[in-house]
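Me: I would like a close look at one part of this structure. Please take a single strand and walk me through its surroundings.

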Amino acid sequence: MKIKVLHAALMIHPTAGILNQMNWEQRAANDLELPWITRVFCPKGNFDNIDVVISSNNRNYYNGKSILMKTFNWILLRFDYYHWLRRQLPHFDVIVLRYHVHDPLQVWFVARSKKPVYFVHHTLEVPELASAGFIGKLRALAETWIGPSSLKRASASIGVTSEIANHQMSRLRKYDDATLIYPNGIKLQDHQAS
């Protein structure tokens with residue numbers, strides 16, 4: 001029996017690079033006939049015509065100009081995302097999530113998941129946040145406080161490089177655990193010269 005995997009990411013404004021990466025991953029899984037589903041969850045109207053995109057159907061999000069409105073939308077979108085993920089749990093054996101910094105709803109989801117959850121890390125979150133001015137330093141502080149709650153509840157953390165994977169283990173002071181590396185891939189047919 002093959003293990004069914006869902007690899008999901010939440011993006012308010014998905015970049016072309018992330019969408020391409022997730023799309024290539026899905027195409028590779030299809031080519032290899034693996035039961036691996038890759039999805040990007042985002043607000044309705046953002047890239048609805050891309051196969052790997054799942055749009056939030058409950059609310060029509062907009063950025064708004066005030067920090068209060070942006071915060072409110074940030075929270076609502078996450079409620080929709082984690083509700084969608086909970087509905088997916090019966091269909092998969094393993095959940096792989098693109099890690100989100102300082103997300104208390106992520107902690108809630110992982111703590112209640114009856115399926116193993118793995119986080120994929122694409123950066124050294126705390127140092128990167130701390131380098132982004134005053135707001136970045138506040139976000140780094142929030143991640144330092146909230147992040148370990150998510151990390152310790154996950155089945156494992158996966159880094160796209162060994163440096164990133166080792167950094168995640170150091171955040172939990174779990175140097176004896178194995179780290180997993182899952183580098184970004186590329187679909188070569190899309191990049192061949194004509």
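Reply: What follows is a close look at strand E4 and its neighbours. This is a predicted model, where local features need pLDDT of at least 70, side-chain atom pairs count only at pLDDT 80 or more, and totals for chains, interfaces and linings use all residues. Residues are numbered from 1 along each chain as its sequence is written, and side-chain values use heavy atoms, with hydrogens and water left out.

Start with the sheet. It is open, has 7 strands in the order E3-E2-E1-E4-E5-E6-E7, and its pairing is parallel. Strands here are DSSP runs (E, at least two residues) and helices likewise (H or I, at least four), numbered from the N terminus. Two strands pair if DSSP finds at least two bridges between them. The edge strands are E3 (53-55) and E7 (180-181), each pairing on one side only.

Now E4 (94-98). Its 5 of 5 residues are buried, so E4 is largely enclosed by the rest of the structure. Buried means under 20% relative accessible area (1.4 Å probe, protein chains only). Val-94, Val-96 and Arg-98 point one way from E4. Ile-95 and Leu-97 point the other way.

E4 has parallel partners. 4 bridges join E1 to E4, and Val-5 stands opposite Val-94. Another 4 bridges join E4 to E5. There, Leu-97 stands opposite Phe-119. From E4 the chain crosses through helix H3 (residues 104-112) to E5, a right-handed β-α-β crossover. Right-handed means that, with the strands pointing away from the viewer, the path from the first strand over the helix to the second runs clockwise.

Notes. Contact = heavy atoms within 4.5 Å. Axes fitted to C-alpha atoms, helices over the stretch in contact; angles between N-to-C directions. Buried < 20%, exposed > 50% of the residue type's maximum accessible area, 1.4 Å probe, protein only.
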